[in-house]
Amino acid sequence: MTGASSGIGRAVALRLASQGFTVAVSARRAAELEGLAAEHERIVSFPGDVVDRQRMAEIVKEAEAALGPIVLAFLNHGVYFPAEREGFDADVAWRSFEVNVGGVINCLAPLLAAMEARGRGQIAITASLAGYGGVPGSMAYGASKAALIYMAEVLRMTYEPRGLKIQIVNPGFVATQMTDYADFDMPFLMSVQTAADIICKGLEADRFEIAFPRRLALFFKAARLLPYPLLLPLMRRAASRAQREG
Ligand SMILES: NC(=O)c1ccc[n+]([C@@H]2O[C@H](COP(=O)([O-])OP(=O)(O)OC[C@H]3O[C@@H](n4cnc5c(N)ncnc54)[C@H](OP(=O)(O)O)[C@@H]3O)[C@@H](O)[C@H]2O)c1
């Protein structure tokens, strides 16, 4: 599991370990991973940066050698840079894509090879409701998550007939260090424990998408049916109302 050193990933790792899974956890902050591993005997730390393609391949090999075949990979790492609320910034945009999309690609390569050879396996990727379409202040983040949704759709169609289960996890606002910066109203803000509950139940189910909270997901899905002359002002108004209320 990537992105396990804090927030959603940390909570899901603990929940999966308590369900009896042996969980290989990864992220850059080794000390946080060690702290997590100390909380449950079934959690084992494999530190690494998802941008480092070779390290991701090594981790898959090391984890399988130490713990056995990976049956479920939860690719959950992600970054959001609040600076993008000020406007376009090329460095922020590139870094968002490098970590959010490049990091998933770096993990997918060794995972798909190993799982396809076995003819079974499950991969869940964390995107975001922001990936459904343009949200003010989220150009690079939302676009990187849109790319993940697209990738997961194609992976599902391609790899399901080969025995693999591919899922996309699309959260709304969850109270983690990623949303700590927020000085605006976050509709339907959810605790990390509730989010972890929903994700773990969804991972057991066969459906493609794990999207929550339901009402916010429905709002975004319904909004996408509108023509652009209605959709873009609606999204701009919703964002500035949240800003005023925050
Ligand atoms: N919180 C929300 O409202 C929300 C909403 C929608 C989607 N999401 C998504 O949910 C996922 C988890 O986010 P969170 O809210 O739990 O925030 P978080 O606590 O900041 O977790 C982000 C995780 O990603 C890891 N990470 C970041 N850059 C990395 C890199 N280069 N290499 C390896 N790991 C890296 C971080 O670990 P290190 O820093 O230790 O490397 C951390 O474990 C993300 O994909 C995020 O986009 C969150």
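**A tour from the strands outward**

Start by selecting β5 (164-171): seven of its eight residues are buried, so the rest of the structure largely encloses this strand. Buried here means that 20 or more other C-beta atoms lie within 10 Å of the residue's own; with 12 or fewer the residue is exposed, anything in between is partly exposed, and the C-beta atoms are placed from the backbone. Strands are DSSP runs of E with at least two residues, helices are runs of H or I with at least four, and both are numbered from the N terminus.

Before you click on, two notes. Residue numbers start from 1 along each chain as its sequence is written. You're looking at a predicted model, in which local features need pLDDT of at least 70 and side-chain atom pairs count only at pLDDT 80 or more, while totals for chains, interfaces and linings use all residues.

**Stop 1: the neighbouring strands**

Now add β4 (121-126). Six bridges join β4 to β5, and the two run parallel; strands count as paired if DSSP finds at least two bridges between them. For one pairing, pick Thr-126, which stands opposite Val-169 in β5. Five of the six residues of β4 are buried, so this strand too is largely enclosed by the rest of the structure.

Next comes β3 (72-75), which is joined to β4 by four bridges, again in parallel. Select Ala-73 and you can find its bridge partner, Ile-123, in β4. While you have the strands up, remember that side chains in a regular strand alternate between the two faces of the sheet.

**Stop 2: helix α4**

Select residues 90-118: that's α4, 29 residues reaching 41 Å from first C-alpha to last, close to the 42 Å expected at 1.5 Å a residue. The expected span is 1.5 Å times one less than the number of residues. Look along the helix for a kink of about 30°, centred on Gly-102; the bend at a residue is the angle between axes fitted to the seven residues ending there and the seven starting there.

Which residues of α4 are buried? They are Val-92, Ser-96, Asn-100, Gly-103, Val-104, Asn-106, Cys-107, Leu-111 and Met-115. An α-helix has 3.6 residues a turn, so residues three or four places apart point the same way. The cover over the buried residues of α4 includes α3 (53-67), β3, β4, α5 (139-159) and β5.

Still in α4, select Pro-110. This proline counts as partly exposed, with 19 C-beta neighbours inside 10 Å. Leaving aside neighbours within four places in sequence, Pro-110 is in contact with Met-56, Ala-57 and Val-60; contact means C-beta atoms, placed from the backbone, within 7 Å. Just after the helix sits Gly-119, with a positive phi near 75°.

**Stop 3: helix α5**

Move to α5, whose 21 residues should span 30 Å at 1.5 Å a residue, and whose end C-alpha atoms are indeed 30 Å apart. Its buried residues are Ala-140, Tyr-141, Gly-142, Ser-144, Lys-145, Leu-148 and Ala-152, and what covers them includes α4, β4 and β5.

Zoom in on Leu-148, which is buried, with 23 other C-beta atoms within 10 Å. Residues up to four places away in sequence aside, Leu-148 touches Asn-100, Val-101, Val-104, Ile-125, Ala-127 and Gly-131.

**Stop 4: around the ligand**

Show the ligand. How many residues surround it? There are 30, with Gly-3, Gly-7, Arg-28, Arg-29 and Gly-78 the closest; a residue is near if its C-beta atom, placed from the backbone, lies within 6 Å. α1 (7-18) and α4 are the elements that give two or more residues to this shell, and α1 supplies the largest share, three residues.

By class, the shell holds eleven nonpolar, 15 polar and four charged residues. Ala, Val, Leu, Ile, Met, Phe, Trp, Tyr, Cys and Pro count as nonpolar, Asp, Glu, Lys and Arg as charged, and the others, Gly among them, as polar.

**Stop 5: three loops**

In the loop between β3 and α4, select Tyr-80. With 23 C-beta neighbours inside 10 Å, Tyr-80 counts as buried. Beyond four places in sequence, Tyr-80 touches Tyr-141 and Met-178.

Next, go to Phe-188 in the loop between β5 and α6 (192-204). Phi of Phe-188 is positive, near 55°, in a residue other than glycine. Phe-188 is partly exposed, with 15 other C-beta atoms within 10 Å.

Finish at Pro-213, in the loop between β6 (209-212) and α7 (214-223). The peptide bond joining Phe-212 and Pro-213 is cis, with omega about -10°.

Note on methods
Contact = placed C-beta atoms within 7 Å.
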